[in-house]
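Got the viewer open? Then let's take a walk through this one together, one selection at a time.

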There are 2 protein chains.
Amino acid sequence: MPEPDAPVRGDVEACAALGDDLGWALGVLARTYRDVAKQAFGDLPGGARGYQVLRYAAKWGPAGGPGTGEAPATQLALAQQLGIDRTVMTYLLDDLERAGVVERHADPADRRARRIAATAEGRARLAELDARLREAEDVVLRPLSGEEAAAFRGMLQRLATQVDEGTAAAACDEAAADLR
Amino acid sequence: MPEPDAPVRGDVEACAALGDDLGWALGVLARTYRDVAKQAFGDLPGGARGYQVLRYAAKWGPAGGPGTGEAPATQLALAQQLGIDRTVMTYLLDDLERAGVVERHADPADRRARRIAATAEGRARLAELDARLREAEDVVLRPLSGEEAAAFRGMLQRLATQVDEGTAAAACDEAAADLR
DNA sequence: TATTGTTATACTCTATAACTATA
DNA sequence: TATAGTTATAGAGTATAACAATA
């Protein structure tokens, strides 16, 4: 994730020259959202990636007891699900564990594997993050009316999933790659 | 610009879990467009950045005669307009010049400065690129009907420029930063 | 002394490969 | 032999700083 840059002179004028293509607008919006979301993530290790991992880990109960009964995902499963390289997952989990939001538990059935579960603190953190992200979305969509925003969200969702073409898998691959 | 990654197993399933927030959809769409556009750029040095530079340079005439009468932009002006670091601009122009699409001309009034102009070949290349980019946009928006696509474009444009808030400048800064 | 453009250096991510401990 | 996780190494991309030429 690139650092926020110092303001640059001349960009406003450049907008007049650049702001007429889809790619540009898309880039601006995605970047704007990312910056707003970044603030929401705060010091959560890994930013958006850390959030996704936490969100996945939170599907299972806090340390001590399973929330559902299903076994928490292993590091490898998590990495594959989110499209993150398993070596990167190691670093990411190191940081998330140090931050106290997830825990690695030895799998009794396979001592090579580690099961990843969110801690109670991690769950609380996740609830906060979800709320803040909803706010971030509202900020980004503020220029639109309520109806428009709903329509925009719907179309965006359709575009992202590309249900009409066989490209859903590819789109998802891209999304996952985006997290890398 | 990240390289296209090898397909990753499991992303499709992950989509079901991830695909419910704006940030995710935005990321997918921006990434999808970027990949499609990347193909359109072909071997143009610098990808999207190279395109923007070429586009700017093409505002002035091919080598030998000014198209308008205004002097072509200097490297520094170009860098500031597009929000690219001037050291990066050096490398980028090296590549674009080697590719034969732009030329550096000494400024008679200030021998430190270099004026950047598109070559005839650069202009032809730009026309191609513009056409291909329009196609790329169509591909990305294909899931929408004609009416929807128009509405989507309009809303996206409004969101990107954020005219209702005083954030236009900030948004443009972000857009420029995006090119870095 | 300040500015334009260039070159050199360092830092951040990410990708690849090598290693361990289990299976 | 293959797999889960870790660690080490190397590459691309970018930012920072030093430099030469000119103002």
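Start by selecting B:Gly50 and showing whatever surrounds it. Setting aside residues up to four places away in sequence, B:Gly50 touches B:Leu44, B:Pro45, B:Leu92 and B:Leu96. One thing to keep in mind as you click around: this is a predicted model.

Is B:Gly50 buried or exposed? It's buried, with a relative accessible area of 0%; the cut-off for calling a residue buried is under 20%. You'll find B:Gly50 in helix 3 of chain B.

**Widen the view to helix 3 of chain B**

Now select residues 48-57 of chain B, which make up helix 3. How many of its ten residues are buried? Eight of them are, so helix 3 of chain B is largely enclosed by the rest of the structure. Colour the buried ones if you like: B:Gly50, B:Tyr51, B:Gln52, B:Val53, B:Leu54, B:Arg55, B:Tyr56 and B:Ala57. While you're looking at a helix, here's a handy rule: an α-helix has 3.6 residues a turn, so residues three or four places apart point the same way.

Before leaving, try your distance tool. From the C-alpha of B:Gly50 to the C-alpha of B:Gln75 it should read 13 Å, and these two residues are 25 apart in sequence.

**Jump from B:Ala57 to B:Ile116**

B:Ala57, one of those buried helix 3 residues, is your stepping stone. Select B:Ile116 as well: along the sequence B:Ile116 and B:Ala57 are 59 residues apart, yet their C-alpha atoms are 6.0 Å apart in space.

Where does B:Ile116 sit? It belongs to strand 2 of chain B, residues 114-118. With a relative accessible area of 1%, B:Ile116 counts as buried, because the cut-off is under 20%.

Show the residues around B:Ile116 next. Leaving out neighbours within four places in sequence, B:Ile116 is in contact with B:Ala57, B:Pro72, B:Ala73, B:Thr74, B:Gln75, B:Leu78, B:Leu93, B:Val102, B:Glu103 and B:Arg104.

**Hop to B:Thr74**

Pick B:Thr74 out of that list. It's in the loop between helix 3 and helix 4 (75-82) of chain B. Loop or not, B:Thr74 is buried, with a relative accessible area of 16%. Which residues does B:Thr74 contact, leaving aside neighbours within four places in sequence? They are B:Ala113, B:Arg114, B:Arg115 and B:Ile116, so you've come back to the residue you just left.**Two helices that cross**

Staying in chain B, select helix 6 (residues 120-141) and helix 7 (residues 146-161). They pack at an angle of about 110°, and their axes are 11 Å apart. That angle makes helix 6 of chain B roughly perpendicular to helix 7 of chain B. Show side chains where the two meet: helix 6 of chain B brings B:Glu137, B:Asp138 and B:Leu141, while helix 7 of chain B brings B:Ala149, B:Phe152 and B:Arg153. Sorted by class, this contact has three nonpolar, no polar and three charged residues.

**Over to chain A**

Select helix 6 (residues 120-141) and helix 7 (residues 146-161) of chain A. Here the packing angle is about 110°, with the axes 11 Å apart. Helix 6 of chain A and helix 7 of chain A are therefore roughly perpendicular to each other. Their contact is made by A:Glu137, A:Asp138 and A:Leu141 on the helix 6 side and A:Ala149, A:Phe152 and A:Arg153 on the helix 7 side.

Next, click A:Ala37 in helix 2 (residues 22-41) of chain A. A:Ala37 is buried, at a relative accessible area of 3%. Draw a line from its C-alpha to that of A:Ala48, eleven residues along the chain, and you get 8.1 Å.

**Zoom out**

Finally, show chain A whole in cartoon style. There are eight helices and two strands, and from the N terminus on they run α-α-α-α-α-β-β-α-α-α. Of the 180 residues of chain A, 46% count as buried.

Colour chain A by pLDDT to end the tour. The average is 78, and 73% of the residues score at least 70. Which element of chain A has the lowest mean pLDDT, and which the highest? Helix 1 (residues 11-18) has the lowest, at 40, and helix 5 (residues 86-98) the highest, at 95. Residues 1-19 of chain A have a pLDDT below 50, and this stretch has 44 contacts in the model beyond near neighbours in sequence. Residues 163-169 of chain A are also below 50, with eight such contacts.

Key:
Residues numbered from 1 in each chain as written. Chains lettered and ligands numbered in written order. Predicted model: local features only at pLDDT ≥ 70, side-chain atom pairs only at ≥ 80, totals over all residues. Heavy atoms only, no water. Axes fitted to C-alpha atoms, helices over the stretch in contact; angles between N-to-C directions. Helix = DSSP H or I, 4+ residues; strand = E, 2+ residues; numbered from the N terminus. Parallel < 35°, antiparallel > 145°, perpendicular 65-115°, else oblique. Contact = heavy atoms within 4.5 Å. Nonpolar A, V, L, I, M, F, W, Y, C, P; charged D, E, K, R; others polar. pLDDT = per-residue confidence, 0-100. Buried < 20%, exposed > 50% of the residue type's maximum accessible area, 1.4 Å probe, protein only.
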